[in-house]
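User: Could you take a close look at one part of this model for me, the open sheet in chain A, and then walk me outward to the other chain and how the two touch?

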Amino acid sequence: MKKFFIVCGFLLFLGSTLLGQQIRVTGTVTDASDGSTLPGVTVAVRGTTQGTVTDMDGRYEIAASSDAVLVFTFIGMATREVNVGGRSVIDVALQSDMVGLEEVVVVGYGVQRREAATGSVTVVGEQDLRNMPTASPERLLQGKVAGLQLNATTGQPGARSQVRIRGFSSINASSEPLYVVDGVPIVVGDFNVFTSTGNTLANLNPGDIESITVLKDAAAASVYGSRAANGVILITTKRGRAGQPARVNFRARTGFSERANDNDYRFMNAQEIYGYNRQAIINSGFDPETYGPIASGALFPGFYAGETMPTVYPAGHDRAGQPIETFDWEDAAFRQAQFREYEFNVSGGTENTSYFSSLNYTNQEGIMIATGLERISFRSNIDQRVGNMFKVGSNINASYSFMEDRPNQSMFFVNPFWASINLLPWHLPYNEDGSYNFTLPSNSNANFIAAADHDDQWERQYRVLGSVFGELTPIEGLTIRSQNSIELINGEGRRWWSPLGDRPGTESGTLQISNTRLERYTTTNTINYMTTVAGVHYLRALVGQEAFVHNWNYHYAYGTNIGLEIPHLNRATQEDSRVSYSFNEYSLMSFFGILDYNFDDRYFAQFSIRNDGNSRFGADNRWATFWSVGGSWNLHREQFMNDFDFVNMLKLRASYGINGNDGIGIYDQWGTYSSAGSAYNGITGVNPSRIPNSTLTWELNRTYNIGVDFALFRGLQGSLEYYHRSTEEMLLSRPISQTSGAASFRINIGELVNQGYEATLSYNTNVGDVNINLRGNAGRNNVEIIDLGGEEEIGDGFWRRFRVGGGYSDYYVYDWAGVNPANGQSLYFNEDGDLTPSYSQARRVFDGKMEPNIFGGFGWDVNWRGFGLTMFFEYKLGHYVYIMESRYTRSDGFNWGSNQNAQLLDYWKQPGDVVPNPRPMVNNSMGANEWGTSRFLERGDYLRFKDLTLSYSLPRNLLQNARIDNARVFFNAANLYTWHDVSYWDPERDVTGGGYIIFPLAKTFSFGVELGL
Amino acid sequence: MKNTSKFLIVFLIVFGMTACGDDFLDRPPILEESRELVLQSFTGMNNATIGLYAEFYHSAWYGAAFPIITDLKGDNSKSSPLSSGRYQQNYNWNQDPSQTMGGLWFRAYRAITSASNIINAAPDVDLLPGQQEAWVDHLVAEAKFVRALAHFDLVRVFAQPYTYQPNSLGVPVITVTRIGTPARNTVAEVYEQIESDLTDAIAMFSENATAFYNTHRSGTVNPKGFSSRDAARALMARVKLYKGDYAAAAQYATQVIDAGYTLYTADNWMDAWGTDGASEIVFEIFGSTGNGNWPSWEEIGYLYHPGGGYGDVCATNAHLALYEPSDVRLGIFVEPANQQGFFWPSNKYPGKNDPNKRDNNIPVLRLSEMYLIRAEARLNGATGSAADDLNAIRTRRGLDAISNPTMDDIFDERRRELAFEGHILFDYARLGRTLEREDEDNRLTGPTTIPFPSHLWAMPIPIGEMEANPNMEQNPGY
């Protein structure tokens, strides 16, 4: 705490020296149409976060430097900027007919007035990005953008997310969007070797982000050509503004995360599992007192040795009256995870130079032991004007992260989640002498606590994303720009299996280390010309070229028999070690153009074209051209709309275009040989592993979009859209004549269609001096497979199939019919629809799909004086999830010997029982827990209370003496409550709906302060 | 104007990059062995040649299915009391296009195309100083041998015998790798390609294959697991026999007989199995758990092994009845104590190092067969004494010599000597013999008589090929 004050003191000092001459400005804001005063108008000092709101009488008071610019914004009104110019009283009248239309949004290769948009573009601003604590900024988009489905693959800090914009576009190529940061397409995905926390986007500090623009349709995205099929996410970071006094912001936040469990999902306690297993023994026709495993003591220490097995577990004691110790394994696997974040930034500008610099430190523990992410990130964005015609600048982002992990996302016995589920409560982690207990038959004798204490599994990542640009404006309207960037990710990983961790009796361990490097170079060169002819014809033309190289390499070394004293690879002998190296590289060359025309701000037309060459594709089809057209009509600017005062904006738009998907394997086109399967006669040869495919080409997306944007009654805004997006020439494997030496071949033959509706609505109003902002969105997407290259169905991993006429991928499961009330056996439907106890006779049926029908979010912000309350909810409806580990955790005795889910307690006991779970049997082979049965398929619908934020901004008059501009304290609860019916701690999982032992999303509670000087 | 020229310069720099666009977009996989890289050096081509042999040991080919099915269908073996159903449909002669020998079709064409890659790339191969053209010739000879054997196995399985209808549907002859829709060549055309490849191979093999392998395949366990000039001659002898060209068959057989291999004797017959490079072996598939296409639990030895293995298939009574008590070859049979009256030929595939007997050499060409080929050829007009050749075998197996052997004597001798090595079915076919068998244990649900001629002597083209290749014509009757 002492340190905190020192830092604050330092900031105060810094602030007071940086600030210019401050004066107090007061005034009244009125509605220009009728002269009435406007309460709730935001008054801000441009280039700062300094601001206030007008009171009931439309009055305001703000501290600003004498040369500052005040910005007046109000929903339903045109924003106005006024130079202070030394004045202390400034009254302002706002016009009502330009509803947020002058707002400028970042789009592909430029910016655009919102009013000029012809495509489908959604902007998420800073205010939506600041509340929730997260290491990965893309997660802040969840529920905020109609038509954007985001699935957190895990709840682990720094894990990657899956984003689907307007559905699922492909079976064998990628469905992920393109991410562009400040004009540079960046790499996304997980490049870590030993951890699942290597989301490259997690290197980006959310606090640096000014806005995120999501380009959804062809008109908006097609200028990104072969990478635009799945939409584009443009991330724009903060910059300083010329002439803006230096401003310093400091922010600190701390809190903790806990496992969410809003459904009381739990495993049996000692008494329950004891009784359940005893019943299973009896049901199997054995006598509990003499049954083998018990007699041997392997599973029930304390209850055998010739004793009669008690009918009821005597809580805490065995029959001889000896106390029985139990252990809460789940408690040992999960924890209350700590979270800390500190951020410092400074921005400002002189006439010719502007800058934004920031430093951020984040430390977020995972709710599972020995997992977490620590990150330091730095940014510097600088713009420098050189003479009248030239401008240069640079954006540098450097970060370091340290990520710690455990074997995860699968049924590893040292995965703390899985182990804590398996372990029986009376199996104890430590022996009497304090050493680790490695006699744990309920978890294959693995002690995850020992492993977490002594094994290493981590990755360090260093990332630099830097670009420099130069801009020449030789004549009015003409801009020649060149931006050149490098993205560098260097990773270092270590996995150490210590002899102390999980290998009793061994004296040496196994070590793996890795070093990865990813480099990307991009050059983007554009010529842009804008002109207005005769005052009403606005024209913009842009031509550009972009070239890009991506290369990745990876060194891996492995050694065994490494002693504990020096657990490093230099201790491995030549015989006990091996190394390997991987490398891949691809490149893209593009030429593109954009043509914008508008007549009198009423009629807009936009055309874009891009020619891409991509090294991933065969020489025959390497180059392709993509294009789009869009048009819009601003009805509110027409004469005939003058009578409709309540219509502040009404805009119709339509677009059509074609873009591509290059998300296929980097070397899919090449014929190769491989040594796999080619060893013979004591030596190793090579054999063809892939046949050359020079015809391989892009999947195409053909997208129509129509939409209407409106603003009514000065507070209600929204848009409605319909889209139809067909994926053509979809890559599928096709059987070929085996006289070619291969059985199948990828060709571009399939087709699928995504179509849907999107609605976005917001309403802003003032009730007294309470400002209320309601907002919500919904996306409805329907995906249908049209053509699978002549096949009717194709398998899709675990128990799902792609089928013509079906959704993207439908579950294809064994049709479980519940429990037979007569005898407690499980029942299935057979091909004839009759009941059968036999799994092998069960019919398979399509039952449920993995993609949601409707998803989105809604919420509200309420502000009163300095107090703010934000509540935001996110939902997904209409999809199914498959809880894969239920085969073992709800196994009716099959996985006898490990703990079981408490749901099983509702099992069949006597004839006539109508219950969800069969009669337990030892080593049950009755088939109720078999692979792929509909029993474990569940509705994945959920509604999540994602964000609760309470904040208070200290009154300005209190702060002025301390020369503090703004001080805010806030409390946030993330994922506070989730309504769902999924048999798991949290319903969210990756888009496939499957997976084993998902690291669940956590609830996070945090508290923070912000200071602006 | 000054400005305009500046734009032009920028424009030219920017768009000048188009010219080099295709070089810029050329990013081959430098760590994977691309076709081009592998096939342009002697070392790469040598590795690709080693890879050819790995195909043979696949469970769909010599590693299990091919020899097992041949003997099952040819009445040397039957579905045993231990059977869990493996190969039952082959025992029944149930020739469903969706199930029958699709794996062999795929494997054989994989070998044919890979071999063709080597043969076609050889003229352009880059040699390092010290590497000789003759070495490349040797690789081409091996590839041609593999291609010949693969074509031969395909035409034996999927077509009627040459001796019956040489101009009936054979299999597509493939000499260039491409994704195509080839139609079937005639049986005679396939034989022509096989003979042409073998003729080339005989000319191109290095004089001393063992020396070649010791130099260029250091680590080789068994040089007879690779092909050689003798192997090409031995295969040619068999091909000529299958054509009914007896003079040529005798001629090639003689070349192998005179090449220095030694017949097993009554004393060492049993030692020959489970040994690498035994004295009779001209070419065998080297079996090992370390092979790339190791069939694992489907390996032939595990299948024939009744105690500890699957033991799905055992010998027929009809086959056992061919032996006299003094015949040392009876030693290959095992009669488990709890399965009295049933005999598994598991000592022919006794394994080498694997405790589960899953690492057997599969004899493909050996000296006894050459004697039997020559005996049959001599009986059919080739010069020399058929009895001498037949008796060379008989006297070394514990049997008496016979003086005037008939075709039946030779047929039965082949049936005994080459049993479970993948011959009998094709002997029936090429000689046009009707197969009569009995349902010995009430396990046979297929026909007991397969007349000759019958459409059944050519197995159906696998359904996967039929669906993917519009030019593929199915055999009559399916």
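Analyst: Sure, let's start with the sheet itself, keeping in mind that this is a predicted model. In chain A, 5 strands line up as an open sheet, in the order β10-β15-β16-β13-β14, and their pairing is mixed. The two ends of that row are β10 (121-125) and β14 (184-186) of chain A, edge strands that each pair on one side only. As for the twist, neighbouring strands in this sheet are turned against each other by 25 degrees on average, with direction ignored.

Zoom in on the β10(A) end. Its partner there is β15 of chain A, residues 209-215; the two strands run antiparallel and are joined by 5 bridges. If you want a residue pair to click on, try Val124(A), which sits opposite Ile212(A) of β15(A).

Strand pairing also crosses between the chains. Strand β30 of chain A (residues 672-674) and β1(B) run antiparallel, with 2 bridges joining them. One pair to look up here is Thr672(A), whose bridge partner in β1(B) is Ser34(B).

That brings us to the contact between the chains as a whole. On the chain B side 57 residues are in contact with 43 residues of chain A. Several elements of chain B each supply at least two residues to the side that touches chain A: the helices α1 (2-16), α2 (21-24), α3 (35-38), α4 (42-56), α7 (102-121) and α19 (463-468), plus the strand β1 (33-34). The largest share comes from α4(B), with 7 residues. By residue type, the side of chain B that touches chain A divides into 26 nonpolar, 21 polar and 10 charged residues.

Now for chain B on its own. It has 19 helices and 7 strands. The C-alpha trace spans about 110 × 50 × 45 Å along its principal axes. What about the radius of gyration? For chain B it is 25 Å, which agrees with the value near 23 Å that a compact globule would have, because the chain has 478 residues and the rule scales with that number. Of those 478 residues, 54% count as buried. Contacts in chain B also reach far along the sequence: taking those between residues at least 6 apart, 70% join residues at least 24 apart.

So, to retrace the route in your viewer: begin at β10(A) and its antiparallel partner β15(A), move on to β30 of chain A where it meets β1(B), and finish at α4(B) on the side of chain B that touches chain A.

Technical notes: Residues numbered from 1 in each chain as written. Chains lettered and ligands numbered in written order. Predicted model: local features only at pLDDT ≥ 70, side-chain atom pairs only at ≥ 80, totals over all residues. Helix = DSSP H or I, 4+ residues; strand = E, 2+ residues; numbered from the N terminus. Rg over C-alpha atoms; globule rule 2.2 N^0.38 Å. Buried ≥ 20, exposed ≤ 12 C-beta atoms within 10 Å, placed from the backbone. Contact = placed C-beta atoms within 7 Å. Pairing = 2+ DSSP bridges. Axes fitted to C-alpha atoms, helices over the stretch in contact; angles between N-to-C directions. Nonpolar A, V, L, I, M, F, W, Y, C, P; charged D, E, K, R; others polar.
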